[in-house]
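This report describes selected surface and packing features of a single protein model. The topics are a nonpolar surface patch, the packing of two helices, and the salt bridges.

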Amino acid sequence: MPKKVDHEARRQEISEALWRLASTRGLDGASLRDVAAEAGISLGRLQHYFRSKDEMLLFALQHINRLAGERIRARIEALPEEPTPREVLRACLSGLLPLDEKSRVGLLVGAAYFARAVYDEPLRAEAKNGIPQLRALFADQLRRAAERGELPPERATEDEAMLLISMVDGLSTHVLLDVHGPRTALRLLDLHLAQLFGTEGAGGGDAGAPASYGAGADAAPASGEGAAPPSRPGEGSAKPAGRA
């Protein structure tokens, strides 16, 4: 009997080959022929799964967004049985930072998609798709915190939720540019949450950065940063384009 091919799995493998190329040369620098070679298949075989580069790009963006959602859900499920709103927010926000090599690649791919999505309507629509849900999730946690007396009621808004998303986007961008490393990004995230909640807490402790990876690690303080923060236990997670 001929071998049965899992078409969805093969499309995902092709998407991941595209991501590897996009993380080093951007999306425009990755032709169908290049992606086929990276995936170890012929160009004709690739075109059996994707009729055009635009179709492949859109599927790959949808796939990376699904993976990001799964990572965030996994981080929430790993929290204690009844996590506080602050713990949920920290798990989600730290899950959107590039804390290890895999999530760093995800952010680089996301940056490549962002540059293209500005001018590509289908990609732009998909890239924006997860933001309203993420904003609603954060706003709901802020409202829960206010109801528990852990947060001033005036801070429990969708605007505040959007500011959290914008903050983590900025921190992530600075990690990619080596302005600071992942440990500093986590420290600044915890600092903001402490100010938001009016406490001196050190954070959830569930997410951390590896001792080093690439040039972005905080082995030494960047100019003007001061001393490198202490290491944190746990593991890093990623985000995906769009929020990639």
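In this predicted model, Phe 114, Val 118 and Tyr 119 form a nonpolar patch on the surface. Together, the three residues present about 410 Å² of accessible area. Phe 114 is located in helix H6. With a relative accessible area of 61%, Phe 114 counts as exposed, because the cut-off for that class is over 50%.

**Packing of helix H6**

Two packed helices are described by the angle between their axes and the distance between the axes. Helix H6, which spans residues 101-117, packs with helix H4, which covers residues 53-77. The angle between H4 and H6 is about 135 degrees, and their axes lie 12 Å apart. H4 and H6 are therefore oblique to each other, since an angle has to be over 145 degrees to count as roughly antiparallel. The crossing of the two helices, H4 and H6, is left-handed.

**Salt bridges**

Side chains of opposite charge can pair when their charged atoms come close. How many salt bridges does a search of the whole structure find? The search yields 14 salt bridges, and the table lists three pairs, including one with a partner in helix H6.

| Pair | Closest N to O distance |
|---|---|
| Asp 28 and Arg 116 | 2.4 Å |
| Arg 51 and Glu 55 | 3.1 Å |
| Arg 148 and Glu 150 | 2.8 Å |

The salt bridge between Asp 28 and Arg 116 links distant parts of the chain, as its partners are 88 residues apart. Asp 28 belongs to the loop between helix H1 (7-25) and helix H2 (32-39), whereas Arg 116 is in helix H6. Is Asp 28 buried or exposed? Its relative accessibility of 63% places Asp 28 among the exposed residues, because the class begins over 50%.

In the second pair, the side chains of Arg 51 and Glu 55 meet. Arg 51 is exposed, with a relative accessible area of 71%, while Glu 55 is partly exposed, at 23%. For Glu 55, the class follows because buried residues must have under 20% relative accessible area. Both residues also take part in a network of salt bridges, in which Arg 11, Arg 51 and Glu 55 are linked.

In the third pair, formed by Arg 148 and Glu 150, Arg 148 has a relative accessible area of 44% and is partly exposed. Glu 150 is likewise partly exposed, with a value of 25%.

How values were computed
Residues numbered from 1 in each chain as written. Predicted model: local features only at pLDDT ≥ 70, side-chain atom pairs only at ≥ 80, totals over all residues. Heavy atoms only, no water. Salt bridge = Lys/Arg side-chain N within 4 Å of Asp/Glu carboxyl O. Helix = DSSP H or I, 4+ residues; strand = E, 2+ residues; numbered from the N terminus. Buried < 20%, exposed > 50% of the residue type's maximum accessible area, 1.4 Å probe, protein only. Patch = residues over 30% accessible without salt bridge, like charges linked within 9 Å, V, L, I, M, F, W, Y side chains within 5 Å. Areas by Shrake-Rupley, 256 points an atom, 1.4 Å probe, with all protein chains shown as cover. Axes fitted to C-alpha atoms, helices over the stretch in contact; angles between N-to-C directions. Parallel < 35°, antiparallel > 145°, perpendicular 65-115°, else oblique. Left-handed = near helix turned anticlockwise from the far one by under 90°.
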